[in-house]
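Hello,

Here is the structure I promised to send over. Have a look at it first, and then read on for my notes.

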Amino acid sequence: MADQLTKVPRVIFRTQLPAQHVAGQQRRAPRTPLSVCASSGNGTSLLPWQAAMDEVKKRKDLKSIMIIGAGPIVIGQACEFDYSGTQACKSLRQEGYRVILLNSNPATIMTDPGMADATYVGPMTPELVEQILDKERPDAILPTMGGQTGLNLAKNMAESGMLDKYGVELIGAKLPSIDRAEDRELFKQAMKRIGLKTPPSGTASNIEEALAIAAEIGRYPLIIRPAFTLGGTGGGISYNREEFIAQVEAGIDASMTDQVLVEQSLIGWKEFELEVMRDLKDNCMIVCSIENVDAMGVHTGDSITVAPAQTLTDKEYQRLRDASLAIIREMGVECGGSNVQMAVNPEDGEVMIIEMNPRVSRSSALASKATGFPIAKMAAKLAVGYTLDQIPNDITQATPASFEPSIDYIVTKIPKFAFEKFKGTKAELTTQMKSVGEVMAIGRTWQESLQKALRGMESGLDGWSLPKGYKRLPKDQLMYKLRVPNPDRMIIMKQAFEDGMTKEELFELTAIDPWWLAQLEELHMTEMWLLEQKLSKLTAEELRQLKGRGFSDAQIGRLVGSSTAAVRSHRKALGVVPSFKRVDTCAAEFQADTPYMYSTYDGPCESAPTNNRKVLILGGGPNRIGQGIEFDYCCCHASFALRDQGFETIMMNCNPETVSTDYDTSSRLYFEPITLEDVLNVIEVERPEGIIVQFGGQTPLKISTALQQALDDNPIPTASGNGNVKVWGTQPDAIDEAEDRDRWMALLARLDIKQPAGGMARSEHEAFDKAHALGYPVMVRPSYVLGGRAMEIVYNDDELKTYITTAVEVDPERPVLVDKYLDRAVELDVDALCDQEGNIVICGIMEHIEQAGVHSGDSACSLPTQTIPTTTLNTIREWTVKVAKALNVVGLINIQYAIQDEQPYIIEANPRASRTVPFVAKAVGHPIAKYASLLMAGKTLKDIGFTEEPKPRHVAVKEVVLPFNKFPGADTLLGPEMRSTGEVMGIDYDFASSYAKAQIAAGQKLPMSGKVFISMADKYKADAVGIAKQLTDMGYQVVATRGTASTLMSAGIKCESIFKISEGRPNPADYLKNGEVTMMMITSGGDEPDLRDGKDLRRLALTLQVPIVTTIAGAKATALALKAMRAGPLQQVPLQDYFPDYKDDSNYLMVGMPKPAAAAAEAPARR
């Protein structure tokens, strides 16, 4: 080793000691439990928190509590609030309270019928919430678990007098506390009262006031922060007057109270967050400090963040800590968690307070997973009267919640973006959040946790190295992208180091603290050293150092010119294997009872695996468009069901936002990237009987074939002695048969099942030949895609040429699929369950509202179907059974069909869980993900009592939520590439009412009167006649462009005719700006002028918050919904009323309750 070290600077292998936490080569032995401080009446010794529990009791005056959820997943408010809400439901039910839940999101665990006593999945408006208050009569509402949605709704109900009318109390945060924290002017005044600085600023409710504040501050750039919004929505950075006016207008529109804060820019300052807890006795504690790697100017949700803070001195940290405690007290947060954001001037240490959230926040989930301290659970208990010293720490069972977490590792969070899905938008980061997900990693050094997080991103990275195919930037672009924050800046800094730039130069360009840059420079120097080495010459100590800095086997192999498998074999031969440490909240001061693990290469292993029957469940990694919370839902259900059957469940995932990574969801938790290397590491330690790969979306499927090969090449005996480790359920080869186009086409030919004409092209020439043979329009897409990535409909050679040269690279290794586009088809989704005996039962058939060509993930859908003939449905049922049997599916399969002229065509099959599973489960009243896990464990459909397709008497409609307001410049037209971030559900006994509920829940402000603008492409003009007639019969006025107006007037419909934008004035834009139009129905003809003018019109409608429908099917459904709304008020009905016989044997695990006595007595017989 000494000889090797002479080749590189000594600093490369320096031990990195993170600030503000305990670290070392080996953790200390755990302390014995806290000394006894009291005795019970019978002489039994009590721990301090146990004694405190005897002194004060929870509130007995409250019997039922309503929890407000966060609604659909949107940018800035994602599945971390499902995690928080789930914890709150569990916590309150464990305390014996009746829980009423309101949330419009069907994809979440918290809206399962078994999570609350009454579960309302539907619109979250004050008018419809009042129905729930009248029916359920809760004693209190807990609004702090539902993000900004929950707070704003609670504020509205309180200020309107609704809560007083029904005698309902706000707990967790009172109205004055909410106002002081969320109202920008009140917050500024509060900070002034306690002697804390905020940036020079002023609040404005119109442009004139904002310009006056800007003049007083005296210089640009300026920051605009709207009040009562989430994720910085409507906010931004303005560098000139024109940008400023536009940004202020957007901010006022976005604000619930028409208020924005105009603030002096602190761009370049360091940003920190502290998670704070307070109870009714004024006990306060800091859960965690978090530091942003990016300087101020980037929304904290879009920045790489690290816990605990690394670059503060102890004195600086204590100042921030004292300020946080003063703020939570001044704000009047009586009990629960809050998040405080601060900025520190790197020049002189001056501190400015940015904002405070009087609720569980996005960062609360990260802090909870980083420390093992369940903030939402504790906040719920505090809200009903407990104090911090009365609540035990779940992980140690020897300390109270008032014992502040201390950690001896470093956590790194990296956000994931989807700019590629929104053409016309600059991939740049500001104060308005744009990330769609995040990954978290834990390591003993920041370098280790950073590189683990990067390889967990699933973006082609194996660590902090330039990815394969990276296109190096010329100097001018390199400098620009270093100076302007963007999603790729961390990787671009790697090119900068390779190009010879120093960390001092990078600091000048990026304002990233020199400490972070020094760590990156060490990694770069290590990589340069490694490029000169041979694998066979690397010693055990060198490999241990490399692995301790987070270098993956794939990364090392690429740099030394060897295969990943060879690196793994070499290091294992040298005894270099990971040790798994426990997240214990106390830096090993006390014994950790909870097996919540992370890998490192430092000291002995603490995993202590058992010899029980075990199952490893691979999660879905970071959220992204196309793969979101739905897959986490499936993973959780699998864990609960299999635990109930006596298995020890092992969850492996790297997403800090989710319920799956809660430490008590599974028997054991490994917070690790889902890569082949990391999965094999866990398998070798745990040796489970089965591995479930079909619940985590594409994330585990991408490694399933290689995983199967590794298990075939090197069989691993199970810990329980039941044979070797194997993949459960549908086998990887069958999954590949459905994904590989050539194999898939051959299968359908054998089964005599129709599919749209098409084929695979491995060159540009082949792509044109296929398109010409099929005839335009054609659908083109890469093979093996997720969420319709890079999928387009092309209408001519020019568009195909553009697609091939800009969207994808076509070669034999990366073929594209060219299919005939069925432009008049209706799409269906079918979910089915299959057991090992070949029995197959359909769970649900969903009809898409939008026509084929709109990605299934972006289309509304109805269950049951509404327009499909019985004969066609019977054909689809037959084909579903044939395909599932041919693929030997065990578990779930999703098949998508297109129906044109009553002829079905199969589009694709996914022999795994799909994003439709949670919606179907709630629509039909069966926990189908749990059923699937039991089938993989060897049960049959008969065993679990699911032998017939459910036929609900009600109608469930799913609608999507799209993030176009976050991406200026992107067109709002729906197409074959998925762009939605979340979904809502409406449920009723007829389609129109269900669709209306879904639209309202998705944020569409459907008008009850006014003028509707209609402009239809030629092929839809005839369909517009019926829609317009329905509207005019209901009293709406209709205005249309000349071509559409001519068709309508010829049919006898009264209609006002106006010009298109390109034709003259007045045009639709004038009507929109004048407030004359209350709804728009527009379809595009696809030609260049139509797309250009239409895009401007659609963006204008979005800006003015005028509801817009862009498909003919959506327009038809909307007309029906308006009619249902005018017929009388929509009724809120809990899921439990639709499914009075709902049964879930593992529900007790989901809510964290003891097993029911009857079920416990039956369990041995079942096993």
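**What I found**

Methionine 652 in strand S22 stands opposite tyrosine 670 in strand S23. That is a handy place to begin, with the reminder that this is a predicted model.

S22 covers residues 648-653, and six of its six residues are buried, so the strand is largely enclosed by the rest of the structure. Glu648, Ile650 and Met652 point one way from S22, while Thr649, Met651 and Asn653 point the other way, and all are buried. If you wonder about that pattern, side chains in a regular strand alternate between the two faces of the sheet.

Which strands pair with S22? One is S23 (residues 668-671), in the parallel sense over four bridges. Another is S21 (residues 614-618), also parallel, over five bridges. Within that second pairing, lysine 614 stands opposite glutamate 648. Helix H22 (residues 629-644) joins S21 and S22 in a right-handed β-α-β unit.

Elsewhere in the chain you will find an open sheet of four antiparallel strands, in the order S8-S11-S9-S10. S8 (201-204) and S10 (236-238) are at the edges with a single partner strand each, so one side of each has no neighbour in the sheet. On average, neighbouring strands here are turned by 25° against each other, direction ignored. S8 pairs with S11 (residues 260-264) over four bridges in the antiparallel sense, and threonine 203 stands opposite leucine 261 there.

Two helices lie across strands of this sheet. H8 (residues 184-193) lies across S8, S9 and S11, and runs at about 150° to S8. H10 (residues 241-254) lies across S9, S10 and S11, at about 155° to S10.

Then there is a helix pair to look at. H15 (residues 475-483) packs against H17 (residues 503-510) at an angle of about 65°, and their axes are 7 Å apart. Met479, Leu482 and Arg483 from H15 meet Leu506, Leu509 and Thr510 from H17. By type, the residues of this contact are four nonpolar, one polar and one charged.

Finally, how many residues of helix H14 (residues 446-455) are buried? Ten of its ten are, so to speak for the helix as a whole, H14 is mostly covered. The buried residues include the charged-looking names you might pause over, among them Glu448, Lys452 and Arg455, together with Trp446 and Leu450.

Best wishes

How values were computed: Residues numbered from 1 in each chain as written. Predicted model: local features only at pLDDT ≥ 70, side-chain atom pairs only at ≥ 80, totals over all residues. Heavy atoms only, no water. Pairing = 2+ DSSP bridges. Axes fitted to C-alpha atoms, helices over the stretch in contact; angles between N-to-C directions. Contact = heavy atoms within 4.5 Å. Nonpolar A, V, L, I, M, F, W, Y, C, P; charged D, E, K, R; others polar. Buried < 20%, exposed > 50% of the residue type's maximum accessible area, 1.4 Å probe, protein only. Right-handed = clockwise from strand over helix to strand, strands pointing away.
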